[in-house]
Amino acid sequence: MRNASVIGTGLRVLILGLCLLLPAHTGKVQASGSPQPYEMIRSLQALQEQISQGNSHALIAQRKLLARMDTVFLALPVEGWQEPRNARAAVIHLLSGGHPKVMRHLLTLDPVPAVDSRLMEASLAYVEGREDDMLGLLDEIDPLDLPAGLGGHVALVKAAPYIRTDPARAMELLQVASLLMPGTLVEEAALRREVFVAGMTANVERFRVLSIRYLRRFRTSVYAGDFRRRFALALDTLGFVKSEDKFALLDPVLHEFDADSRRGLYLRMARSALLAGHMNVARKATGEALVLSVEGTNEHEILKIYLAATRLDPEMITANRDLLWSVEKQNLSEEDLALLDGVYTVLNTIRQFPEPPAGVIGEFNVGSDIGAAQERGWITADMELAETLLRRTDEILSVAGDQDDR
């Protein structure tokens, strides 16, 4: 029932958004015949809520609605911008992806729109990449003093420059943005950035809590791919592969991901832990990834190598031999083949080579195929004579066999 309700809501939002895309009957926007800017912002925010829940159709509708808003806002008479809700809508429009030409036009009007001009100028500075100017204009403006729909956007953009220069201040502003606009695309973006800041500042507990919150609220967001990318990078910087205790803290977070993403993350951690020599973590991550892998895939073959590398006990030598000989090497990368050879080399230092399995000709220390020699300069005259005699003997025996068959 809940899914049906969500779908129904999404359809209604899309229909509303499409209705707003219909062209006006005249070049001038009439107050009685076209939606007001603040009404269009409500529709935009409804579409953005759908985007945060993974509705890709809403993303397309948003682009069209923003373009329609550009036209409507430019045509609105000067007196229309004396309505404070419309003036605030212009700032939100620009910070939501609207064209900056609209704000440049509004800044030339007399009288100016009924909103703090610093907000108008700061929003334009932000989209034009003038972060220092933006911070100077917003320095004395507290997002909590603004209406929530505007304050959330202001807090989000104000936090951006502080991520590099003052992470603690950035985190405060991002929390304000989430507080003012819960369930919206603003909260989704704020949470994604909070996770990044927590990872950057090595705040493991904050990183863990925020990641779980994001995944439970916005796992299907259109922008969830950016979260997964940032999350994967943070796994290395926060040292989760260096400690079994840290790995145990992360495990509940990983189980919030879908199976495909979880398998990829475990695979990444297994390799990082293995190369860093943290065998207990590598063994656990490999085991988790193997449960999620599909037999016959490249990932499954690579995980066989990882598993053998984490089982260095002499008692496992025969099991590792059989496991490594079962690896299908033809589709492995050069890097993975090099790792395979390295695993063979390490295992061969543990004890003498065991006998190969039944029906297998080879030695345990042969991890990759040995091709024919490229040069024959090492062959002596006696060896060449012996090779010629053997070839002739084979020919004579072949002829004799043919005569016997007759």
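Begin by selecting helix α16 together with α14 (259-276), α15 (279-292), α17 and α18, since these four are included in what covers the buried residues of α16; contact here means heavy atoms within 4.5 Å, and buried means under 20% relative accessible area, exposed over 50% and partly exposed in between, with a 1.4 Å probe and protein chains only. Helices are DSSP runs of H or I with at least four residues, numbered from the N terminus. The model is predicted, so local features need pLDDT of at least 70 and side-chain atom pairs count only at pLDDT 80 or more, while totals for chains, interfaces and linings use all residues. Residues are numbered from 1 along each chain as its sequence is written, and side-chain values use heavy atoms, with hydrogens and water left out.

**Helix α16**

Now select residues 298-309, the 12 residues of α16, which reach 17 Å from the first C-alpha to the last, close to the 16 Å expected at 1.5 Å a residue; the expected span is 1.5 Å times one less than the number of residues. Of these 12 residues, 10 are buried, so that the helix is mostly covered, and among the buried ones are H300, I302, L303, Y306 and L307.

**From α16 to α14**

Next, show the side chains of E299 and R263, which meet in a salt bridge at 2.6 Å, N to O, a term that requires a side-chain nitrogen of Lys or Arg within 4 Å of a carboxyl oxygen of Asp or Glu. This pair links distant parts of the chain, with R263 in helix α14 and E299 in helix α16, 36 residues apart. E299 counts as partly exposed at 26% relative accessibility, whereas R263, at 15%, counts as buried.

Keep R263 selected and add D260, because the side chains of R263 and D260 also meet in a salt bridge (3.1 Å, N to O) and, being 3 residues apart in helix α14, the two are separated by about one helical turn. D260 is exposed, with a relative accessible area of 52%.

**The loop at Q330**

Move then to Q330, in the loop between α17 (317-325) and α18 (334-348), where this residue is exposed with a relative accessible area of 57%. The side chain of Q330 makes a polar contact with that of E328 at 3.3 Å, a polar contact being a pair of N or O atoms within 3.5 Å in which, within protein, one must be able to donate a hydrogen and the other to accept it, and residues adjacent in sequence count only if both atoms are side-chain atoms. The C-alpha atoms of Q330 and N298 are separated by 9.6 Å, and the two residues lie 32 residues apart along the chain.
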